[in-house]
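Colleague: I have a model open and would like to know how its descriptions are justified. Could you take me through the terms one at a time?

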Amino acid sequence: MKIKNIALLAGTAGILAACCGSSVVEPADLNEQRVFFAFNSSEISEDAENNLLGQSLYMKHHEGVKIQIAGNCDERGSSEYNLALGARRANAAKSVLVKDGISAKRISTISYGKERPLKQGSGESVWKWNRNATTTVK
């Protein structure tokens, strides 16, 4: 009986998402979930917001889960500047989750600035991947 209810719920959610144009999808796991940012920005894009709202759904369904959001930057700029920008990115991502009802106590943030690039190299094709906020379960 439970399996039928879950399948029905999943189907209904899919229909509602299709009708409403929503791109919010609950991930199977929060580890290594990333949202990306424009150059020199901590503004949350529509894609990033949808990703974060999916993470929020996951956290609502797994109430014991605590996460850390790490802000990251590309190699341009000083270490100090990028640490501050990474912190703004992590906090911007956290704000979306908190506004959606997730307790701030369940979310810690950290900034790695440009110290932990996702991809090595230079140029926009690399830098765009390194401007992110990465979620991990703690």
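Modeller: This is a predicted model. Four strands make up an open sheet, ordered β1-β4-β2-β3, and the pairing is mixed.

Colleague: Why do β1 and β3 stand at the edges?

Modeller: β1 (33-36) and β3 (107-113) each have a single partner strand, so one side of each is left without a neighbour in the sheet. From one strand to the next, the twist averages 20°.

Colleague: What makes the pairing mixed?

Modeller: Strands of a sheet pair through backbone hydrogen bonds, either parallel or antiparallel. Here β2 (residues 67-72) and β3 run parallel and are joined by six bridges. β1 and β4 run antiparallel, with four bridges between them. β2 and β4 also run antiparallel, and five bridges join them.

Colleague: How do you know that β2 and β3 count as paired?

Modeller: Two strands pair if there are at least two bridges between them. β2 and β3 have six bridges, so by that cut-off they are paired. Among the bridge partners, N72 goes with G113 in β3, and G71 goes with S111 in β3.

Colleague: Which residues of β4 stand opposite R34 and I69?

Modeller: R34 stands opposite T134, and the bridge partner of I69 is T135.

Colleague: What makes β2 largely enclosed?

Modeller: Six of the six residues of β2 are buried, so the rest of the structure largely encloses this strand. In a regular strand the side chains alternate between the two faces of the sheet. Both faces of β2 are covered: on one side I67, I69 and G71 are buried, and on the other Q68, A70 and N72 are buried. β4 is also described as largely enclosed, because five of its six residues are buried.

Colleague: Which helices lie across the sheet strands, and at what angles?

Modeller: Helix α2 (residues 46-61) lies across β1, β2, β3 and β4 (132-137), and runs at about 155° to β1. Helix α3 (residues 79-99) lies across β2, β3 and β4, and runs at about 155° to β3. Angles over 145 degrees count as roughly antiparallel, so α2 is roughly antiparallel to β1 and α3 is roughly antiparallel to β3.

Colleague: Why are α2 and α3 called oblique to each other?

Modeller: Two packed helices are described by the angle between their axes and the distance between the axes. The axes of α2 and α3 come within 9 Å and cross at roughly 55°. Under 35 degrees would count as roughly parallel, and 65 to 115 as roughly perpendicular. The crossing of roughly 55° falls in neither range, and α2 and α3 are therefore oblique. Their crossing is right-handed.

Colleague: Which residues meet where α2 and α3 are in contact?

Modeller: E49, L52, L53, Q55, S56 and M59 in α2 meet A93, V96 and L97 in α3. The residues of this contact divide into six nonpolar, two polar and one charged.

Colleague: How do you know whether S41 is buried or exposed?

Modeller: Buried means under 20% relative accessible area. S41 has 16% relative accessibility, so S41 counts as buried. S41 lies in the loop between β1 and α2. Leaving aside residues up to four places away in sequence, S41 touches L85 and R89.

Notes:
Residues numbered from 1 in each chain as written. Predicted model: local features only at pLDDT ≥ 70, side-chain atom pairs only at ≥ 80, totals over all residues. Heavy atoms only, no water. Helix = DSSP H or I, 4+ residues; strand = E, 2+ residues; numbered from the N terminus. Axes fitted to C-alpha atoms, helices over the stretch in contact; angles between N-to-C directions. Contact = heavy atoms within 4.5 Å. Buried < 20%, exposed > 50% of the residue type's maximum accessible area, 1.4 Å probe, protein only. Left-handed = near helix turned anticlockwise from the far one by under 90°. Nonpolar A, V, L, I, M, F, W, Y, C, P; charged D, E, K, R; others polar.
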